[in-house]
Structures are given as structure tokens and as C-alpha cells.
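Trainee: I would like to learn how to read contacts, sheets and backbone oddities from a model. Could you take me through one?

Mentor: Gladly; here it is.

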Amino acid sequence: MSQRSVSPSSSASTPSRRRRRGTAGRTAPGPGLRGPEGQRAAFWSDSHSRLLVGVLHLRPLPGAPRWEGSMAEVIRAALADARAYAQGGAHALCIENFGDVPFSGGPVGPETVAAMAVVAAAIREAVALPVGFNVLRNDARAGLALCAACGGRFVRVNVHVGAMLTDQGILQGNAHETVRYRQVVAPGAAIWADVHVKHAVRLGDWPLEMAAWDTWKRGLADALILSGVGTGQPADPEQLWRLREACPGARLLVGSGITAENVGQYAAADGFLVGTWVKRGGKVEQPVEARRVAALARAIERLPSRPRRY
């Protein structure tokens, strides 16, 4: 049996702006998909072969050690990046409290959720792209609440099932609570879950394929994310193929280290979350540049059709 044959399955805006915002990134649900499940599936549009999701790394928010005291400045920087992503051809935005280091291993404070909601509202007024949330380090409940209040389409969850050893200590997934809470507040929001998340090591013998299968089928994640070891670090293309064969039919995203030069190695992916290379000089602390987003978008468009291996 080859390495790639392992599969657990064997065992107040204008009316025109409101219209654009309401339809961006959406298509009719596929056959048999209705209601919230159809809303989550419709995010994967036939109008683009692969998703390009721009990550908005917010500056430090109220309550964070590096908070500088001005929400106006946080919003200004976020809007500049959002507009650059939109101009460059991104399909969606993922809003992230990236500047709030050191991150909490548990629920974030209400001041963080409030600040992210204010930023999200400003972004939705400014650009027509769909938005989602990643509340670091692992507050899926806050992310879903933001989706409910701000019209978010997805949440990224770093540890959805199992447990990982991180710089916050042991992070433990809570798919049971997350999926049920989604049903109450934001049933149309998709859950995009990391597999062996970056800035972490797994606890015990938990093979990649089994972790992915559990996240997808037992955790009911709508998409799986594969990343490198840290922010801006490339994922292993071979691991992507392993996930593709272990989880046929799953939506797979690459969550770090994508560049216009290396994206060709990830043709098995359904989409990409990008936030480092698209910034000036490829530096995470710099602003997003529309020309770099556009270069990456062109490189993604040149990828061959996804292999029919699933």
C-alpha cells in the first residue's frame, strides 16, 4: 500500500452596496442542500475554482498589552488592508485578533469581541467581500457570536477536536459545544478547522490522517486547514495529498506560507488563507499590497483543475 492510500474511511449603506454584500461569494446550494447546510456549501462558488481568503491581522485591541488606545487607528489599518485584498482579487476576508499577544487559551474578554465587531462592521461598509472570524487562540464561541452579529460566513477554529500542546498550554477542542452553539446563533456559518494546527505539537500518537478524519466526520467541520509549523511557514505539500486521500470529498485549505512562487505545489487544495506574503516585502507586520494579492490570485488561477481523486 502506498503512502497515499491510507484512508480511515476504509475503516447604513446604500441599497446597491447591500445587494453586492449580500451576494458576494454565494451561489445556489447544490442539489439536495437546503437551509443552513446549503448556505455553508454555497460559499464554494463555481465562479472561482479555488478560494483566496485574505487574513486581516488586526492591530492590538482594547485589553491587549500592546493596545495603543485608538480604535480609529485599528479600523483605519484594517480598512486599508481590506481594500487592498478586494482590489487584488481576494474572494473573502478572515478577521483575526492577531495583535493581541500573548493569546488566551480560553475565552477572550468581552472587550475583544466588541472591538472585533466594530472593525467588522466598518469593513462590511467598505468592501463587498464576505467575512469570517478567527478569535485567537481558540475561542470558537466568540467567533460564532461575531458571525451572528456581523453577518460572518465562517469561523476558523484552531483546535476543534482532540488536544494540542501550544504556547498557551494544552488547548482542547470542544466540537460538541461549538457545533451546537452554531445551531443556535449562526447556523449558516461554516466551521473551518485546523488539523495539527501551527504553533503547536500534537499530544500522543495521533496521525495526521486520523486527526483529519475525526475533525471532518466526527467534529462535523465544513473544511479542513493544513498549515506549516508557524505563521508564514509553508505547509508540506505531501501532507496535503495525504489529507486529500484520507478525506475524499472534504474541502481542504492551506493556511500558511502560500506565495505566488510556491502555490503550484498545492494544486490539491480547494483554497488558501493568506496573510504574510501578500504584505509589503512579505513581512507580516507590514500593510497588504494589492499588487501582491493580484499576483497570487493570477498564480492560483493558473493552477490545473483539481485532480478527480475524491
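Trainee: Let me begin with contacts far along the chain. Leaving aside neighbours within four places in sequence, which residues is G88 in contact with?

Mentor: Bear in mind that this is a predicted model. Once the neighbours within four places in sequence are set aside, G88 is in contact with A290, V293, A294 and A297. G88 itself lies in helix α3, residues 71-88. For a sense of the sequence distance, take A295: G88 and A295 are 207 residues apart along the chain, yet their C-alpha atoms are separated by 7.9 Å.

Trainee: Is G88 buried or exposed?

Mentor: The cut-off for buried is under 20% relative accessible area. G88 has a relative accessible area of 8%, so G88 is buried.

Trainee: Now the strands. How many strands make up the closed barrel, and in what order do they run?

Mentor: The closed barrel has eight strands, in the order β1-β2-β3-β4-β7-β9-β10-β11, and the pairing is parallel. From one strand to the next, the twist averages 25°.

Trainee: How should I check where that ring closes? How many bridges join β1 to β11?

Mentor: Look at the pairing of the two strands at the ends of that order. β1 and β11 run parallel and are joined by four bridges. As one example of the register, G54 stands opposite V274 in β11.

Trainee: And what pairs with β11 in the barrel order on the other side, and over how many bridges?

Mentor: Strand β10, residues 252-254, pairs with strand β11, residues 271-274, in the parallel sense over two bridges. L253 has G271 of β11 as its bridge partner, and V254 has F272 of β11.

Trainee: Which way do the side chains of β11 point?

Mentor: The general idea comes as a rule: in a regular strand, side chains alternate between the two faces of the sheet. In β11, G271 and L273 point one way, while F272 and V274 point the other way. All of these residues are buried.

Trainee: Which helices lie across these strands, and at what angles?

Mentor: There are two to look at here. Helix α8, residues 237-246, lies across β9 and β10 and runs at about 170° to β10. Helix α9, residues 290-301, lies across β1 and β11, at about 155° to β1. The angle is taken between N-to-C directions.

Trainee: What is the order of the open sheet, and what is its pairing?

Mentor: Three strands form the open sheet in the order β6-β5-β8, with antiparallel pairing. Its edge strands are β6 (169-172) and β8 (200-202), each of which pairs on one side only. Here the twist averages 35° from one strand to the next. Between β5 and β8 there are three bridges in the antiparallel sense, and the bridge partner of M164 in β8 is R202.

Trainee: Which residues make the nonpolar surface patch?

Mentor: L165, I170, V201 and L203 make a nonpolar surface patch of about 350 Å². L165 is found in strand β5, residues 163-166. With 38% relative accessibility, L165 counts as partly exposed.

Trainee: Last topic: the backbone. What should I expect of phi and of peptide bonds?

Mentor: Most residues other than glycine have a negative phi, and most peptide bonds are trans. Exceptions are worth a look.

Trainee: Where are the peptide bonds that are cis?

Mentor: One of them runs from V101 to P102, with omega near -10°. P102 lies in the loop between β2 (92-96) and α4 (110-126). Another runs from L136 to R137, with omega near 15°, and R137 is in the loop between β3 (131-134) and α5 (140-150).

Trainee: And what is phi of H196 and of L220?

Mentor: H196 has a positive phi near 50° and lies in the loop between β7 (190-194) and β8. At 18% relative accessibility, H196 counts as buried. L220 has a positive phi near 60° and is placed in the loop between α7 (208-218) and β9. L220 counts as partly exposed because its relative accessibility is 48%.

Technical notes:
Residues are numbered from 1 along each chain as its sequence is written. This is a predicted model: local features need pLDDT of at least 70, side-chain atom pairs count only at pLDDT 80 or more; totals for chains, interfaces and linings use all residues. Side-chain values use heavy atoms; hydrogens and water are left out. Two strands pair if DSSP finds at least two bridges between them. Axes are lines fitted to C-alpha atoms, for helices over the stretch in contact, and angles run from 0 to 180 degrees between N-to-C directions. Contact means heavy atoms within 4.5 Å. Patches are made of residues with over 30% relative accessible area and no salt bridge: like charges are joined within 9 Å, nonpolar side chains (Val, Leu, Ile, Met, Phe, Trp, Tyr) within 5 Å. Accessible areas come from the Shrake-Rupley method with a 1.4 Å probe; for residues, only the protein chains shown count as cover. A salt bridge is a side-chain nitrogen of Lys or Arg within 4 Å of a carboxyl oxygen of Asp or Glu. Buried means under 20% relative accessible area, exposed over 50%, partly exposed in between (1.4 Å probe, protein chains only).
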